[in-house]
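Thanks for coming, everyone. Please have the sequence and the model open in front of you, and we will go through the fold together, slowly.

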Amino acid sequence: MSEISTKPYMLRAIYEWCTDSGYTPYLAVKVDSRTTVPMEYVKKGEIVLNISFGATSGLKMDNDAVRFHARFGGVSREIYVPVDNVMAIYANENGQGMAFEPVLGNDDPHGQPTDSPASSDAPPPPAPAPAATGPTLSSVPTGNPAPRETPPPGDDEPPKKGGRPTLIRIK
């Protein structure tokens, strides 16, 4: 029996934490042939989606995919994102959330399907260049000059509303 992935459970947990805390949950998604998103909003093979209650209709976060309807430029669009394609889920207001290791499926940029075994008589594929191993995500800067591990005593104020946070890729 194959082991069940924890990723969809973590997505649902972070989504619930965001909504319970009054934050806006966002998904960072790797776009490939299995995703159904408005391609005109895709940049560098990725898209960031607002999945808050007010921005979506019929949101379903199953173990295999995230599905919902959302408006883009006033037009309702159906969105389908396989769980494997979710790179991160985070609160837009403060950047807190969770990033996931990229999973390369059948659309592996190196042309190697990941679900078929390699032939034993074929030479091993060349090692990818360091820049081609895939991006990793770090937390979103919050505007503070240096991140703090724990807030100082008496610092119970909510995060300040400043500039819009963005995900930063570390290669």
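Before we look at any strands side by side, we need one term: two strands are said to pair if DSSP finds at least two bridges between them. Please also keep in mind that this is a predicted model.

Let me begin with the overall picture. The protein has 1 helix and 9 strands, and if you read along the sequence, the pattern is α-β-β-β-β-β-β-β-β-β. Of its 171 residues, 30% count as buried, and among the contacts with a separation of 6 or more, 58% are between residues 24 or more positions apart.

Now I would like to turn to strand E6, which covers residues 86–91. How many of the residues of E6 are buried? The count is 6 of 6, so to speak of this strand as mostly covered is to use buried in the sense of under 20% relative accessible area.

What does E6 pair with? On one hand, strand E1, residues 25–30, is joined to E6 by 5 bridges, and the two run antiparallel; within this pairing, Ala 28 stands opposite Ala 88 in E6. On the other hand, 3 bridges join E6 to strand E7, residues 97–99, and these two also run antiparallel, with Ile 89 standing opposite Met 98 in E7.

Finally, please find the hairpin of E6 and E7, where 5 residues lie between the strands and Gly 95 takes a positive phi near 75°.

As for the outside, the accessible surface of the protein comes to about 11,600 Å², and 55% of that belongs to carbon and sulfur atoms.

Terms used
Residues numbered from 1 in each chain as written. Predicted model: local features only at pLDDT ≥ 70, side-chain atom pairs only at ≥ 80, totals over all residues. Heavy atoms only, no water. Helix = DSSP H or I, 4+ residues; strand = E, 2+ residues; numbered from the N terminus. Buried < 20%, exposed > 50% of the residue type's maximum accessible area, 1.4 Å probe, protein only. Contact = heavy atoms within 4.5 Å. Areas by Shrake-Rupley, 256 points an atom, 1.4 Å probe, with all protein chains shown as cover.
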